[in-house]
Amino acid sequence: MAIMYQNMYGWILDHWQLTADSFKDVDSEDSTTTDFSYKKDMFEINSQFIMDSQFESKICVQERVEDTIVNRKKRKRKRKSVLNDGEIKAKTYHDKIIEVILHAYKTLLDGSKDMKLFRDLGKSLDNNVTARKIATNSGPGDKLRELCYSDINDLDIETVTLKSHGVYDNLCNKLVKNCSNSSIKVKIKDDFYLLPAECSFIMGDTVNLKYFSTILGRHEFDFILLDPPWENKSVKRKKQYWTLDNEELFKIPVPELSAPGCVIGMWVTNKMKHKDFVIQELFPFWNVDFITTWYWIKVTKTGSTVLDIMSEHKKTYEILILGKCKHTEMKDVSDEKIDSNTEEEHTKNDICKNMKCKENFSEKISSKSLDGIYNERTILPASLNNDNLPLEMTMMSVPSSIHSMKIPLQDIMKPYLPETPNCLEIFARNLTPGWCCYGNEVFKHQHMDYFEVFTKDT
């Protein structure tokens, strides 16, 4: 289980522990079994995220090197005297939600003290050197994305069932499955990867996803999670990874893939235009009702936030938007986009008709909403369905140092999905046990560079 602690406001998760639980009893070539986990050092986030120059200043202050402090010139961030419209909107939203996030953070931290989930590092500072080194020197780089192509005439609908220690040349644009109930190690091209139990995936360009929707299964999935590579000026400048134009998201056949009552989760950056685009344009186009927003707070091993929680510039949290598909056919992209304000409401599907739900009562507690009004916050027993997704919840964890590696959601979502849900992640960069995943780097984070043998000492 990734959930280490939870209360009415959210969860504390251990990403590393989940992999240690997921990659047990992997068959070795000598017929023995080995346990694996992500490398511990990937999660050695001991200090706040700061630049090396800022870190050097902190060290100087700690060692009381007076002359260095006097001679060092502080660089002030240049900014416009007047905020632009986007900055004003972002500040207004941040001011609105920070009270909810801050309260959840404090209650989660206080409630978990007896469990000693976070440690006291004293005044030691290391600027996360070990974790950053792994992030820089590990993984397949851009190899996987370079293997993908988008020519519809070359697509191959072959289904490939993987074998432990199998060797494969190219798995692009195929439905690939690990039918084993345990993780397996395979070689793809020149690299080794560790793939979780009962996973399946298609490694391909998103422009071909509509073509594969019938292969994945019509109206098949109870939970669809998306983590698009949002456009970002800083990313473009640094060329860290490819980005996708927002308009391309309209082509993703979410309604065709969604089972009745399917929950849709969408990670967005803290740029307000992306959040507004999803809620005001993309969700209505997909016939998805917006339900709520959850927040992922990133913390260090001491429990402090990786960035100043009150900062209006860089944020220590990421946003997960949740909605529910109304299960009607998606329009062609060329059709006029749906106006969410004038669209006629459809009757909501009751997913409980298609699953066995026990009748349990939920505990209701008052909590302050974003507008300062007291609403009911619900703690849900594991048998209830997604009609009762709790509002404005907070997830807290020590993040991985690997770029774009998100917090695992499978344990959190269990209470709000059928007993054996079908789950799909789009734009995935790692695989989840039992899930189907799609993306042009779909098993990037399964590279053996990120794993180590798990022992009691680990």
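Q: In what order do the 12 strands of the open sheet stand?
A: This is a predicted model. Its 12 strands form an open sheet with mixed pairing. The order is 1-2-18-14-15-13-12-19-20-11-8-6.

Q: Which strands stand at the edges of this sheet, and why is one side of each left without a neighbour?
A: An edge strand here has a single partner strand, so one side is left without a neighbour in the sheet. Neighbouring strands are turned by 20° against each other on average, direction ignored. The edges are strand 1 (3-7) and strand 6 (159-161).

Q: In strand 18, what is the bridge partner of I297?
A: Strand 14 (residues 288-298) and strand 18 (residues 394-397) run parallel. Four bridges join them. The partner of I297 in strand 18 is M396.

Q: At about what angle does helix 4 run to strand 14?
A: Helix 4 covers residues 85-111. It lies across several strands, among them strand 2 (10-13) and strand 15 (317-325). Its angle to strand 14 is about 55°.

Q: In strand 10, what is the bridge partner of I188?
A: Another open sheet has three strands in the order 7-9-10. Strand 9 (residues 184-188) and strand 10 pair in the antiparallel sense over five bridges. The partner of I188 in strand 10 is D191.

Q: How many contacts beyond four places in sequence does the model have for residues 334-386?
A: The mean pLDDT of the protein chain is 78. Over residues 334-386, pLDDT stays under 50. Where pLDDT is low, the predicted coordinates should not be read in detail. For residues 334-386, the number of such contacts in the model is 107.

Notes:
Residues numbered from 1 in each chain as written. Predicted model: local features only at pLDDT ≥ 70, side-chain atom pairs only at ≥ 80, totals over all residues. Heavy atoms only, no water. Pairing = 2+ DSSP bridges. Helix = DSSP H or I, 4+ residues; strand = E, 2+ residues; numbered from the N terminus. Axes fitted to C-alpha atoms, helices over the stretch in contact; angles between N-to-C directions. Contact = heavy atoms within 4.5 Å. pLDDT = per-residue confidence, 0-100.
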